[in-house]
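Take a look at the protein shown below. Keep the sequence at hand while you read, and find each residue as it is named.

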Amino acid sequence: MRITCPYCGARSSHEFAYLGDAAPTRPDPSAPDAAEAFHAYVYERDNPAGPMDELWYHSAGCRRWLKVTRDTRTHAITAVAFAGTGEIAR
């Protein structure tokens with residue numbers, strides 16, 4: 001599998017570290033239901049078949065976090081952007 005880093009270009013997936021689903025957001029620790037929310041945040045994840053936004057870290061390159069849209073059935077990558085920005089490389 002090759003991932004096109006917006007800064008470094010196309011690279012082998014071996015240069016990257018996989019974090020997982022890019023959708024979950026960290027719960028508010030001061031909320032009244034914080035314990036339940038953190039349990040769900042850490043342990044309850046979906047395992048969809050199809051396109052999914054994931055976080056990957058370019059550890060052997062520019063050392064930036066990337067948001068990669070990958071089809072979990074075929075491993076086809078349709079979009080890559082720096083995490084937290086709208087900059088896209090195709």
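This report goes from the overall fold to single residues.

**Overall picture**

The model is predicted. The protein has one helix and seven strands. Along the sequence, these elements follow the order β-β-β-α-β-β-β-β. The C-alpha atoms fill a box of roughly 45 × 25 × 25 Å along the principal axes.

The protein counts 90 residues, and 27% of them are buried. It exposes about 6,000 Å². Carbon and sulfur atoms supply 51% of that area. Consider next the contacts with a separation of 6 or more: residues 24 or more positions apart account for 41% of them.

**The start of the chain**

Strand β1 covers residues 2-5, and its side chains alternate. Ile-3 and Cys-5 point to one face and are buried. Arg-2 and Thr-4 point to the other face and are not buried.

Strand β2 covers residues 9-12 and runs antiparallel to β1, with four bridges joining the two. Together β1 and β2 form a hairpin, with three residues between them. One bridge can be followed by name: Cys-5 has Gly-9 in β2 as its partner.

**The nonpolar core**

Which residues make up the largest nonpolar core? There are nine: Ile-3, Cys-5, Cys-8, Phe-16, Trp-56, Leu-66, Val-68, Val-80 and Phe-82. Strands β1, β5 and β6 each supply at least two residues of this core. The two buried side chains of β1, Ile-3 and Cys-5, are thus named again here as core members.

Trp-56 is also part of this core. Leaving aside neighbours within four places in sequence, its contacts include Ile-3, Phe-16, Leu-66 and Val-68. Trp-56 also touches Met-1, Ser-13, Ala-17, Tyr-18, Arg-64, Trp-65 and Arg-70.

**Charged pairs**

Side chains of opposite charge can pair when their charged atoms come close. The structure holds four salt bridges. The table lists three of them, including the N to O distance.

| Residue | Partner | N to O distance |
|---|---|---|
| Asp-53 | Lys-67 | 3.9 Å |
| Arg-70 | Glu-54 | 2.6 Å |
| Asp-71 | Arg-73 | 3.0 Å |

Start with the salt bridge between Asp-53 and Lys-67. Asp-53 lies in strand β4 and Lys-67 in strand β5, so this pair ties together parts that are 14 residues apart in sequence. Asp-53 is partly exposed, at 30% relative accessibility. Lys-67 is partly exposed too, with a relative accessible area of 37%.

Now take the salt bridge of Arg-70 and Glu-54. This pair links distant parts of the chain, with Arg-70 in strand β5 and Glu-54 in strand β4, 16 residues apart. Are these two residues buried or exposed? Both Arg-70 and Glu-54 are buried. For Glu-54, relative accessibility is 0%, which is why it counts as buried. The side chains of Glu-54 and Arg-70 are also joined by a polar contact of 2.6 Å.

What else surrounds Glu-54? Beyond its neighbours within four places in sequence, Glu-54 is in contact with Tyr-18, Gly-20, Ala-22, Leu-66, Lys-67, Val-68, Arg-70 and Thr-72.

In the third listed pair, Asp-71 meets Arg-73. Asp-71 is buried, at a relative accessible area of 14%. Arg-73 is exposed, at 57%.

**Residues in the loops**

Most residues other than glycine have a negative phi. Two residues here have a positive value. Arg-63 is not a glycine, yet its phi is positive, about 60°. His-75, also a residue other than glycine, has a positive phi near 70°.

Where do they sit? Arg-63 is in the loop between β4 (51-57) and β5 (65-71). With a relative accessible area of 60%, Arg-63 is exposed. His-75 lies in the loop between β5 and β6. His-75 has 46% relative accessibility, so it counts as partly exposed.

A glycine completes the tour. Gly-84 is found in the loop between β6 (77-82) and β7 (88-89). Its relative accessibility is 83%, so Gly-84 counts as exposed. Gly-84 and Trp-65 are 19 residues apart in sequence, and their C-alpha atoms are 8.7 Å apart in space.

Note on methods: Residues are numbered from 1 along each chain as its sequence is written. This is a predicted model: local features need pLDDT of at least 70, side-chain atom pairs count only at pLDDT 80 or more; totals for chains, interfaces and linings use all residues. Side-chain values use heavy atoms; hydrogens and water are left out. Buried means under 20% relative accessible area, exposed over 50%, partly exposed in between (1.4 Å probe, protein chains only). Two strands pair if DSSP finds at least two bridges between them. A polar contact is a pair of N or O atoms within 3.5 Å; within protein, one must be able to donate a hydrogen and the other to accept it, and residues adjacent in sequence count only if both atoms are side-chain atoms. Contact means heavy atoms within 4.5 Å. A nonpolar core is a set of buried Ala, Val, Leu, Ile, Met, Phe, Trp, Tyr and Cys residues joined through side-chain atoms within 4.5 Å. Accessible areas come from the Shrake-Rupley method with a 1.4 Å probe; for residues, only the protein chains shown count as cover. A salt bridge is a side-chain nitrogen of Lys or Arg within 4 Å of a carboxyl oxygen of Asp or Glu.
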